[in-house]
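This report describes selected features of one protein model. The sequence and structure are shown first, followed by the findings.

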Amino acid sequence: MQILFLIWVITGAASGSGTPDDCRGLTGDDLRLCEDAGDVGTTIGVGLVIGPWATVDVVLGFTYVVYRLAGRRA
């Protein structure tokens, strides 16, 4: 599960590299603003992947603890 989320985060972060197609033809401050907006979008996207990743980790951790406690002998 961890590997899948890690691949998802790396893929999402890598997709934001370079100049977006929408920024082609822009120069100066307009180009910088357009690229910065793309970077912010990439950051938000990666954050939206990390949130469920953390949630899944907590659920799996809790499930493991319950499983270990249920299997304990009295």
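## Aromatic residues of helix 1

In this predicted model, Trp8 has a relative accessibility of 49% and therefore counts as partly exposed, since the exposed class begins over 50%. Phe5 has a relative accessibility of 9%, so this residue counts as buried, the limit being under 20%. Phe5 and Trp8 are 3 residues apart in helix 1, which means that about one helical turn separates them.

## The aromatic cluster

A search of the whole structure yields 2 aromatic pairs. Phe5 and Trp8 form a stacked pair, with 6.0 Å from centre to centre and 25° between the planes.

Phe5 also pairs with Trp53: the ring centres are 5.8 Å apart and the planes lie at 5°, so this pair is stacked as well. Because Phe5 belongs to helix 1 and Trp53 to helix 2, the pair ties together parts that are 48 residues apart in sequence. Both Phe5 and Trp53 are buried. Phe5, Trp8 and Trp53 together make up one aromatic cluster.

## Helix 2 and its packing

Helix 2 comprises residues 28–70. With 43 residues, helix 2 reaches 63 Å from its first C-alpha to its last, close to the 63 Å expected at 1.5 Å a residue.

The buried residues of helix 2 are Thr42, Val46, Val49 and Trp53. These buried residues pack against helix 1, which covers residues 2–15. Trp53 thus appears both among the buried residues of helix 2 and in the aromatic cluster with Phe5 and Trp8.

## Surroundings of Leu31

Leu31 is also placed in helix 2. Its relative accessible area is 23%, so Leu31 is classed as partly exposed. Leaving aside residues up to four places away in sequence, Leu31 touches Thr19, Cys23 and Leu26. For one of these contacts, Thr19, the C-alpha atom is separated from that of Leu31 by 8.9 Å, and the two residues are 12 residues apart along the chain.

## A nonpolar surface patch

Tyr64, Val65, Tyr67 and Leu69 make a nonpolar surface patch of about 470 Å². Of these residues, Leu69 is found in helix 2, the helix that also holds Leu31 and the buried residues Thr42, Val46, Val49 and Trp53.

Notes: Residues numbered from 1 in each chain as written. Predicted model: local features only at pLDDT ≥ 70, side-chain atom pairs only at ≥ 80, totals over all residues. Heavy atoms only, no water. Patch = residues over 30% accessible without salt bridge, like charges linked within 9 Å, V, L, I, M, F, W, Y side chains within 5 Å. Areas by Shrake-Rupley, 256 points an atom, 1.4 Å probe, with all protein chains shown as cover. Salt bridge = Lys/Arg side-chain N within 4 Å of Asp/Glu carboxyl O. Helix = DSSP H or I, 4+ residues; strand = E, 2+ residues; numbered from the N terminus. Expected span 1.5 Å × (residues − 1). Buried < 20%, exposed > 50% of the residue type's maximum accessible area, 1.4 Å probe, protein only. Contact = heavy atoms within 4.5 Å. Phe/Tyr/Trp six-rings, centres within 6.5 Å; stacked < 30°, edge-to-face > 60°.
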